Amino acid sequence: MWYKILHAWYLMIPVILGGCAHMVIVKYNRFSVLNIPLATSSFGANKTWRGLLLVPLLTALFSLLWIPIGQLHSQEILPVRIEECLLAGAFAGLGYILLELPNSWMKRRLGIPPGKLPDRNRVLFIFSDQVDSAIGVTLAYTLYFELPAVSAMLILVFFLLSAFVVKRLLYLLALKKTKF
């Protein structure tokens, strides 16, 4: 069980670092040529081509950290080949972004502006804003690595825990406009 827990945390590293790097890019408006909404009427102005393209790329690049981390363990709990790391990381980043889209679409249908939370059912919307990408990353890793259900649940829980902490930290560092 210890290795399943460790494995789940290690899988979060590129997702967390890729997401943080993306927030720095957004904050300083880098790659502004890609800051084009995917479909404003459907998802709002905050879901852009920049995010769709850069989050999977950044997550893939940070997944290369698995190689030196994996060498610390006698059991092979992480990918060891560069191409395997890059593919798994890109898949996780894509899962992160793509599963945010249905939630954004639903909020636009409910008249909730991009980047805002309603007063009514606020906690539910805070949770849904985290769980959508958590499910996307969990599905991506579970399918790619053919993980058992216990590992998938650990990834989902660890993603949610780390998302609340990381997003709060990004807010405190003024890299994110909202706390959640």
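This is a short walk through one predicted protein chain, from its overall build down to single residues.

Okay, some ground rules before we look. The model is predicted, so local features need pLDDT of at least 70 and side-chain atom pairs count only at pLDDT 80 or more, while totals for chains, interfaces and linings use all residues. Residues are numbered from 1 along each chain as its sequence is written, and side-chain values use heavy atoms, with hydrogens and water left out.

Let's start with the whole thing. How many helices and strands are there in the chain? There are 8 helices and 0 strands, and along the sequence the pattern reads α-α-α-α-α-α-α-α. Helices here are DSSP runs of H or I with at least four residues, strands are runs of E with at least two, and both are numbered from the N terminus.

On to overall shape. The radius of gyration is 16 Å, close to the 16 Å that the globule rule gives for 180 residues, so the chain is as compact as a globular protein of that length. For the record, that radius is taken over C-alpha atoms, and the rule is 2.2 Å times the number of residues to the power 0.38. Along the principal axes, the C-alpha atoms fill a box of roughly 50 × 35 × 30 Å.

Now the inside and the outside. Buried residues make up 46% of the 180; buried means under 20% relative accessible area, exposed means over 50%, and partly exposed is in between, with a 1.4 Å probe and protein chains only. The accessible surface comes to about 9,900 Å², and 69% of that belongs to carbon and sulfur atoms. Those areas come from the Shrake-Rupley method with a 1.4 Å probe, and for residues only the protein chains shown count as cover. As for contacts (heavy atoms within 4.5 Å), take the ones with a separation of 6 or more: residues 24 or more positions apart account for 68% of them.

For a buried example, find Thr 59 in helix 3. Thr 59 has a relative accessible area of 1%. Which residues does Thr 59 touch, not counting those up to four places away in sequence? The list is Pro 14, Val 15, Gly 18, Gly 89, Ala 92 and Gly 93.

Next up, helix 7, residues 122–145. At 1.5 Å a residue its 24 residues should span 34 Å, and the end C-alpha atoms are 35 Å apart, which agrees. The expected span, by the way, is 1.5 Å times one less than the number of residues. Just before this helix, in the loop between helix 6 and helix 7, sits Asn 121. Asn 121 has a positive phi of about 60° although it is not a glycine, and at 46% relative accessibility it is partly exposed. Right after helix 7 comes Glu 146, again with a positive phi, near 50°.

Helix 7 also shows up on the surface. There's a nonpolar patch of about 560 Å² made by Phe 91, Leu 94, Leu 98, Leu 99, Ile 135, Leu 139 and Leu 143. Helix 5 (82–98) and helix 7 are the elements giving two or more residues to that patch. Leu 139, for instance, lies in helix 7 and is partly exposed at 45%. Patch residues have over 30% relative accessible area and no salt bridge; like charges are joined within 9 Å, and nonpolar side chains (Val, Leu, Ile, Met, Phe, Trp, Tyr) within 5 Å.

Last topic: charge pairs. Side chains of opposite charge can pair when their charged atoms come close. A salt bridge here is a side-chain nitrogen of Lys or Arg within 4 Å of a carboxyl oxygen of Asp or Glu, and the whole structure has 3.

One joins Lys 47 and Glu 100, with the closest N and O atoms 3.2 Å apart. Lys 47 is in the loop between helix 2 (40–43) and helix 3 (49–62) and Glu 100 is in helix 6 (residues 100–109), so the pair ties together parts 53 residues apart in sequence. Glu 100 is buried, at 11%.

Another is Asp 129 with Lys 107, at 2.9 Å from N to O. Asp 129 belongs to helix 7 and Lys 107 to helix 6, so this pair ties together parts that are 22 residues apart in sequence. Both of these residues are buried.

And then Arg 81 meets Glu 83 at 2.8 Å, N to O. Arg 81 is partly exposed at 47%, and Glu 83 is partly exposed at 47% too.
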